[in-house]
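Q: I have a protein model open and I don't know where to start. Could you walk me through how to read it?

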Amino acid sequence: MQEEEVVVVTGGGSGLGAAIADTFAAQGATVVCGDIHYKGAKGSKLFLELDVTDSTSWEGFASTIESRFGAASVLVNNAGVSIRTDFLRTSDERWDQIMRTNLWAPWKGIKVFSTQLQRTTGTVVNVGSVYGETVPPINGELSASVAYQVSKAGLHRLTKVAAVELASLGIRVNAVMPGVFRTPLLDDLPEAEARLRIASAPMNRAGQVQELADAVAFLASNESSFVTGALLPVDGGYLAAS
């Protein structure tokens, strides 16, 4: 990672996004986080307001970054939401919200930043989920968040399509698939349910946020220069055992 590189991270205010942003900042990059809840400076990172569900917000965000810092060389689509409702009780409104945040927004982000990434021979890393590939264990007490799972499955396919179509522009597109990490997105997960999911991975522990951040940094680096269209599990063997 070169000091002049500009790294964009959506949802960088907490959890996995904060660890990802901190990792790039420690490598000397200029890190700009897009977040609806944060503005201004926070440590070595700069926060600009971004509503990932709004097209105009994306366009203004990208334009501001280019005018203030130069063309982005890395885009990390990390922002995401979930709800814990089952298939039949998921409302139209919540379904649309999750699809807009978890699937439409990464597509829009890649599209908006594609011109900048083309100039920098840049990379995109999408944050997917093992639950875009498999259904979580359900003990009857907690719903499986169908909309979240479908949105992440779509994000995995988007990653592959974008990798194929943008390769001729010099843009690489990959994704990480986190397993069980104790982040704010899982704060409402009952302890018994968390233990059930953790036990589903052969390594039998939750991931540390830095472990995911390091994987994202690898996919964005020159060390992975011949890697595109990859879906990298960071899950303690969860998918291998499923």
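**Reading the model step by step**

A: Sure, and keep in mind that this is a predicted model. Let's start with one pair of strands: S5 (residues 74-77) and S6 (residues 123-127) run parallel and are joined by 4 bridges.

Q: Which residue in S6 is the bridge partner of leucine 75?
A: Valine 124 is the one, sitting in S6 as the partner of leucine 75.

Q: What order do the strands take in the sheet?
A: To read a sheet, you go from strand to neighbouring strand. Here 8 strands make an open sheet, and the order is S3-S4-S2-S1-S5-S6-S7-S8, with mixed pairing. Strands S3 (40-42) and S8 (231-234) are at the edges with a single partner strand each, so one side of each has no neighbour in the sheet. On average, neighbouring strands here are turned by 25° against each other, if you ignore direction.

Q: Which strands does helix H4 touch?
A: Helix H4 (residues 146-166) packs on the sheet and touches S6, S7 (172-178) and S8. The direction of H4 makes about 160° with that of S7.

Q: Can we zoom in on one residue of that helix? Is threonine 159 buried or exposed?
A: For this you look at the relative accessible area, where buried means under 20%. Threonine 159 lies in helix H4, and with a relative accessible area of 0% threonine 159 is buried. Then ask who surrounds it. Setting aside neighbours within four places in sequence, threonine 159 is in contact with Asn126, Val173, Asn174, Ala175, Ala230 and Leu231.

Q: How many residues of strand S1 are buried?
A: Same idea, but for a whole strand. In S1 (residues 6-10), 5 of the 5 residues are buried, so the strand is largely enclosed by the rest of the structure. Check the two faces separately: Val6, Val8 and Thr10 are buried on one side, and Val7 and Val9 are buried on the other. S1 also has a parallel partner, strand S2 (residues 30-35), joined to S1 by 5 bridges. In that pairing, valine 9 stands opposite cysteine 33.

Q: Now the aromatic rings. What describes a pair of them?
A: You describe a pair by the distance of the ring centres and the angle of the planes. By the rule used here, the count comes to 6 aromatic pairs. Take tyrosine 38 and phenylalanine 47: the ring centres are 5.3 Å apart and the planes are at 40°, so this pair is tilted. Tyrosine 38 is partly exposed at 30% relative accessible area, whereas phenylalanine 47 is buried at 2%.

Q: What kind of aromatic pair do tyrosine 131 and tyrosine 238 form?
A: That one is edge-to-face, with 5.6 Å centre to centre and 90° between the planes. The pair links distant parts of the chain, 107 residues apart: tyrosine 131 is in the loop between S6 and H4, and tyrosine 238 is in helix H7 (residues 238-241). Tyrosine 131 is buried at 8% relative accessible area, and tyrosine 238 counts as buried at 3%.

Q: Which residues form an aromatic cluster?
A: Trp58, Phe61 and Phe113 form one cluster. A ring can also have a charge over it: the charged end of arginine 100 sits over the ring of tryptophan 104, 3.6 Å from the ring centre.

Q: What about the backbone? Where is threonine 121 found?
A: Threonine 121 is in the loop between helix H3 (92-120) and S6. Look at its phi, which is near 50°, a positive value in a residue other than glycine. Threonine 121 is exposed, at 55% relative accessible area. Asparagine 204 is another case, with a positive phi of about 55° although it is not a glycine. You'll find asparagine 204 in the loop between helix H5 (191-198) and helix H6 (209-220), exposed at 51%.

Q: Last one: how many helices and strands are in the protein?
A: Zoom out and you get 7 helices and 8 strands. The radius of gyration is 17 Å, close to the 18 Å that the globule rule gives for 242 residues, so the protein is as compact as a globular protein of that length. Of the 242 residues, 51% count as buried. Among contacts between residues at least 6 apart in sequence, 73% join residues at least 24 apart.

Notes
Residues are numbered from 1 along each chain as its sequence is written. This is a predicted model: local features need pLDDT of at least 70, side-chain atom pairs count only at pLDDT 80 or more; totals for chains, interfaces and linings use all residues. Side-chain values use heavy atoms; hydrogens and water are left out. Two strands pair if DSSP finds at least two bridges between them. Axes are lines fitted to C-alpha atoms, for helices over the stretch in contact, and angles run from 0 to 180 degrees between N-to-C directions. Contact means heavy atoms within 4.5 Å. Rings of Phe, Tyr and Trp (its six-membered ring) pair if their centres lie within 6.5 Å; planes under 30 degrees apart count as stacked, over 60 as edge-to-face and the rest as tilted. Buried means under 20% relative accessible area, exposed over 50%, partly exposed in between (1.4 Å probe, protein chains only). A charge sits over a ring if NZ of Lys or CZ of Arg is within 6 Å of the ring centre and within 35 degrees of the ring normal. The radius of gyration is taken over C-alpha atoms; the globule rule is 2.2 Å times the number of residues to the power 0.38.
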